[in-house]
Every structure is written in structure tokens, then in C-alpha cells.
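Let us walk through this structure step by step. Keep the sequence and the 3D view side by side as you read.

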Amino acid sequence: MATREPSRLIKALSQMPSLLLHSPLHFLLGEHFGELAFLGRKTGNKYTRTIAFLREGDVLLLSTGARWWRNFVPAADVRVLTGRRWLDGVASVVDDREEAEEILLRVSNGIRGYHRATRQARSAAGVSMSQVIRSLDEGRKVIRIELTGTSTRD
């Protein structure tokens, strides 16, 4: 059976967050959304991903269930577009399990709607630690980006 390619509409809709981030309407996405730019560790190709993150000072915290986290082992230079401004940083995977659990709990409860994207159940009290543990057991990785300054590149 042949696989179907996504329709043009689906492809166009998937571009919307990135287009908004680069426009004067970026504020519609809120303070927790940005675009992550990095180089492939093997190919050297440039990749971008729309991300949701929790900012704690000069650190951005996020998670992914996709494989692109492998580009941050070992840590790698990245750029993050937030508020129409590019910031330089260093991204790394959080290897310590307890630390990853605590960070994912803060991220899941700190960003409205994050639990839906990560398929975590949420009660009135928020996402529970058991939901976080399940997410990590299923392969979700926690990423820490330490910001180093405003980017001088476009």
C-alpha cells in the first residue's frame, strides 16, 4: 500500500508557527515559543525546529520526542529566535534522570497546553510526576540551552 503525502494545506499549516515567529505578529504565539536553529552533527546541514520552552534566567528548558536531540550529544552551539531576536546558546541533553524529571515537570506545568503536545494527562493540580516519568520512559528527552548572548548573525 502506498503512503500518502501530506496535502498542501497540511504543509502550509505546519509552516504557520515559523511564519508568525518571523513576523510582527510573533506575540500571538506567546513568550514560550521560538525557533531553534542548529547544525547536524554528522552532515553539517542547517536545521530549524519550532519549539516551546520555559525560560529561567539565561537558560531555556524544553523537551522533544523526536530524534533531533542527538545533535546535542555532545553539547552543540545553537541559535534561538525569540521575540524576533536571535540569541546564541549551547544546547545539551540532560542525562541525569532525576534532574530530567524535575525539569520536565516544571516545563509541563509552566507552559499552557504543553501537556497536550507531550501526551501527558493533566489534573486540576497539573501534570503529575508519574506522567513525567512515563514520558521519559517512552523516550522523551529534556534539552537545556544555556544562552550566551545576542546573535550577531542573521
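The paragraphs below go from the overall layout to single side chains and then to charge on the surface.

Start with the whole. This is a predicted model. The protein has five helices and nine strands. Along the sequence, these elements come in the order α-α-β-β-β-β-β-β-α-α-β-β-α-β. The protein holds 154 residues, and buried residues make up 41% of them.

Now go inside. Look for S63, which sits in strand 4. Is S63 buried or exposed? S63 has a relative accessible area of 9%, so it is buried, the cut-off being under 20%. Its side chain has polar partners. One polar contact, of 2.7 Å, links the side chain of S63 to that of Y114. Another, of 2.9 Å, links the side chains of S63 and R140.

Next come the charged pairs. Side chains of opposite charge can pair when their charged atoms come close. In this protein the count of salt bridges is six. Three of the pairs are described here, one after another.

Begin with R55 and D58. Their side chains form a salt bridge, with 4.0 Å from N to O. R55 has a relative accessible area of 39%, so it ranks as partly exposed.

Move on to R106 and E56. Here the salt bridge spans 2.9 Å, N to O. What does this pair tie together? R106 belongs to helix 3 (residues 97-110), while E56 belongs to strand 3 (residues 54-56), so the bridge ties together parts that are 50 residues apart in sequence. R106 is partly exposed, at 36% relative accessibility. E56 is partly exposed too, at 35%.

Stay with helix 3 for the next pair. R97 forms a salt bridge with D137, and their closest N and O atoms are 2.8 Å apart. R97 lies in helix 3 and D137 in helix 5 (residues 129-137), so this pair ties together parts that are 40 residues apart in sequence. R97 is partly exposed, at 35% relative accessibility. D137 is exposed, with a relative accessible area of 56%. The pair is also part of a wider group. Salt bridges with shared partners join R97, E101 and D137 into one network.

Finally, turn to the surface. Which residues gather in a patch of negative charge? They are D95, D96, E98 and E102. Take E102 as an example from this patch. E102 is found in helix 3. Its relative accessible area is 42%, so E102 counts as partly exposed. That value clears the mark of over 30% used for patch residues, which also must have no salt bridge.

There is a patch of positive charge as well. R41, K42, R67 and R70 gather there on the surface. One of these residues, R67, is placed in the loop between strand 4 (59-64) and strand 5 (76-82). Is R67 buried or exposed? With a relative accessible area of 61%, R67 is exposed, because the cut-off for that class is over 50%.

Look back once more at strand 4. S63 lies in this strand and is buried. R67 lies in the loop that follows, between strand 4 and strand 5, and is exposed.

Technical notes:
Residues are numbered from 1 along each chain as its sequence is written. This is a predicted model: local features need pLDDT of at least 70, side-chain atom pairs count only at pLDDT 80 or more; totals for chains, interfaces and linings use all residues. Side-chain values use heavy atoms; hydrogens and water are left out. Patches are made of residues with over 30% relative accessible area and no salt bridge: like charges are joined within 9 Å, nonpolar side chains (Val, Leu, Ile, Met, Phe, Trp, Tyr) within 5 Å. Accessible areas come from the Shrake-Rupley method with a 1.4 Å probe; for residues, only the protein chains shown count as cover. Lys and Arg count as positive and Asp and Glu as negative; His and the chain ends are not counted. The place of a charge is taken as NZ of Lys, CZ of Arg, CG of Asp or CD of Glu. Helices (H or I, at least four residues) and strands (E, at least two) are DSSP runs, numbered from the N terminus. Buried means under 20% relative accessible area, exposed over 50%, partly exposed in between (1.4 Å probe, protein chains only). A polar contact is a pair of N or O atoms within 3.5 Å; within protein, one must be able to donate a hydrogen and the other to accept it, and residues adjacent in sequence count only if both atoms are side-chain atoms.
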